[in-house]
Amino acid sequence: MKHEKKTILIVLTASVCFGSCYIATGQAPVAQSDLITNGDTQEIIQADSTSTGTFETVTVDASSNSDVKLQFPVGLAGKTVAVGELDGGTLTSGGGTSSIGADGSLSFSFQVSDQPGVHRVMVIDPNADEDSPHIIGVVEFQVPEPPL
């Protein structure tokens, strides 16, 4: 039964996208791992890996700073990417247009706002072709509701 649902999903996806959308796979040129540290203490908050470029959500205190290092395939070295916040917070370094380093790494610092909720930072390949993903990395920070 599960196999039938998967087949239907694939057919519906292909029909809706008309062959022009991208479905991420393990071979996609996306961020493969992250290392997130507390910006003040340099304590490791998360060291995660993924095949989709999207990482597990990290819980942090309101207004806290984090340093993020994403690792991409070395074949993306030198690629110019856009780094931007989506839900509030501030990129304190590495925001805007950046280049992936010779070792495949991309680093930036991010300060979440003082508001509870999810704060996402997205890395975009503005020059991706139709066979490559435009969104190549997503890091999510969660600021919990303050205690009552």
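**Exercise 1.** In this predicted model, list the residues in contact with Phe108, leaving aside its neighbours within four places in sequence.

*Solution.* Step 1: apply the contact cut-off, heavy atoms within 4.5 Å. Step 2: drop the neighbours within four places; what is left is Ser66, Asp67, Val68, Leu70, Val83, Leu91, Ser93, Gly94, Val121, Val123 and Val139. Step 3: place Phe108 in the largest nonpolar core, where it is one of the residues that touch the most other members. Leu70, Val83, Val123 and Val139, among others, also have this rank.

**Exercise 2.** Find which elements give two or more residues to the largest nonpolar core, and which gives the most.

*Solution.* Step 1: the core holds 25 residues. Step 2: the elements that give two or more of them are strands S4 (65-71), S5 (80-85), S8 (105-111), S9 (117-124) and S10 (135-143). Step 3: S10 gives the most, with four residues. Step 4: set this against the whole protein, which has one helix and ten strands, with the helix ahead of the strands in the sequence.

**Exercise 3.** For Gln42, state the sign of phi, the location and the exposure class.

*Solution.* Step 1: phi is positive, about 65°, although Gln42 is not a glycine. Step 2: Gln42 lies in the loop between strand S1 (33-38) and strand S2 (44-49). Step 3: the relative accessible area of Gln42 is 45%, so Gln42 is partly exposed.

**Exercise 4.** Repeat the analysis for Ser63.

*Solution.* Step 1: Ser63, not a glycine, has a positive phi of about 65°. Step 2: its loop runs between strand S3 (58-59) and S4. Step 3: with a relative accessible area of 34%, Ser63 is partly exposed.

Conventions
Residues numbered from 1 in each chain as written. Predicted model: local features only at pLDDT ≥ 70, side-chain atom pairs only at ≥ 80, totals over all residues. Heavy atoms only, no water. Core = buried A, V, L, I, M, F, W, Y, C linked by side-chain atoms within 4.5 Å. Buried < 20%, exposed > 50% of the residue type's maximum accessible area, 1.4 Å probe, protein only.
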